[in-house]
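Reader: I'd enjoy a close look at one part of this model, the charged pairs and what surrounds them. Could you walk me through it?

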Amino acid sequence: MNQIEVTGMIISATPIGECDRRLLILTKERGKISAFAKGARRPNSMLVGQTSPFVFGVFTLYEGRSSYTVMNIQVNNYFEGLRGDIEGAYYGLYFLELINYYTREGNEESETLGLLYQTLRALTNQKIPNLLIRSIFEIKLITIEGEGPEVFKSRVSEKPVLENAYFSPQKGGILKEEERDLATDSFRILKSTLYTLQYIVSSRLEKLYTFIVKEEVQKELSLICERYLKRYIDKKFKSLEILTTIIG
């Protein structure tokens, strides 16, 4: 077996046997990988507090034929601020579930890892409303994964839309006003909402969580995300169901 080091974040941890854990780690170097942490559930194990979701750091692994074994974890961030914040924690768990849904083992996922890290940082500093963080994360993630909406030009005419924009999940993006009847699910969005969508899609990761929006824009962003993801994702997320119960 070869010993390797990877930088990443634990996105899920599942009990295995009496005292082990199976980890899914989103890494910079190898995308999503599966790794076994032997003895990680023993009280005296050095891995007991290091093998939970949200842990970010450098993982020393032995590489086997079909999986990895954790030897050591140098933790850089536990995101401890989420541990005492029930709402924030479930937002974070939902983000991990959505990441797990989209990513595949062995794929290049460094940008997705960067998005996840920046998003959890935003959750813990509480300068931006959680609902806006969720909308930004959802839009940026599906864009990175190649399924994002077209927000710069019409999905019908491919001409720029500067005002009087309509959004259609069915068509996969925005339409001009005169094209709105071509999609039964289209609805008008504010110019500010259109600009916000364009900013999210085109901005670098470190610039994503640097703004807030008015309530009416947030309502439209949430509606866009809800209807768009419902059309393109065929899965229910347990953490999202719990989160909905918590926030009402």
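In which helix do Glu138 and Arg134 both lie, and how many residues apart are they?

Author: Happily! This is a predicted model, where local features need pLDDT of at least 70, side-chain atom pairs count only at pLDDT 80 or more, and totals for chains, interfaces and linings use all residues. Residues are numbered from 1 along each chain as its sequence is written, and side-chain values use heavy atoms, leaving out hydrogens and water.

Glu138 and Arg134 both belong to helix α3 (residues 130–144), four residues apart, which is about one turn of the helix. Helices (H or I, at least four residues) and strands (E, at least two) are DSSP runs, numbered from the N terminus. The two side chains form a salt bridge, with their closest N and O atoms 2.9 Å apart; the term asks for a side-chain nitrogen of Lys or Arg within 4 Å of a carboxyl oxygen of Asp or Glu. Both Glu138 and Arg134 are buried, where buried means under 20% relative accessible area, exposed over 50%, and partly exposed in between (1.4 Å probe, protein chains only).

Searching the whole structure gives five salt bridges. One of them joins Arg30 and Glu63, at 2.9 Å from N to O. Because Arg30 sits in the loop between β2 and β3 while Glu63 is in strand β4, this pair ties together parts that are 33 residues apart in sequence. Arg30 is partly exposed at 29% relative accessibility, and Glu63 is partly exposed at 24%. Another salt bridge links Glu206 to Arg204, with the closest N and O atoms 2.8 Å apart. Here Glu206 is partly exposed at 46%, whereas Arg204 counts as exposed at 52%.

The Arg30–Glu63 pair leads us to the strands. A closed barrel of five strands runs β1-β2-β3-β5-β4, with mixed pairing, and its twist averages 50° from one strand to the next. Two strands pair if DSSP finds at least two bridges between them; β2 (residues 20–27) and β3 (residues 31–37) are antiparallel over seven bridges, and Arg21 has Ala37 in β3 as its bridge partner.

Two helices lie across these strands. Helix α1 (residues 86–102) crosses β1 (2–16), β2 and β3, at about 115° to β1. Helix α2 (residues 110–125) lies across β1, β2, β4 (56–63) and β5 (68–77), at about 60° to β1. Contact means heavy atoms within 4.5 Å; axes are lines fitted to C-alpha atoms, for helices over the stretch in contact, with angles from 0 to 180 degrees between N-to-C directions.
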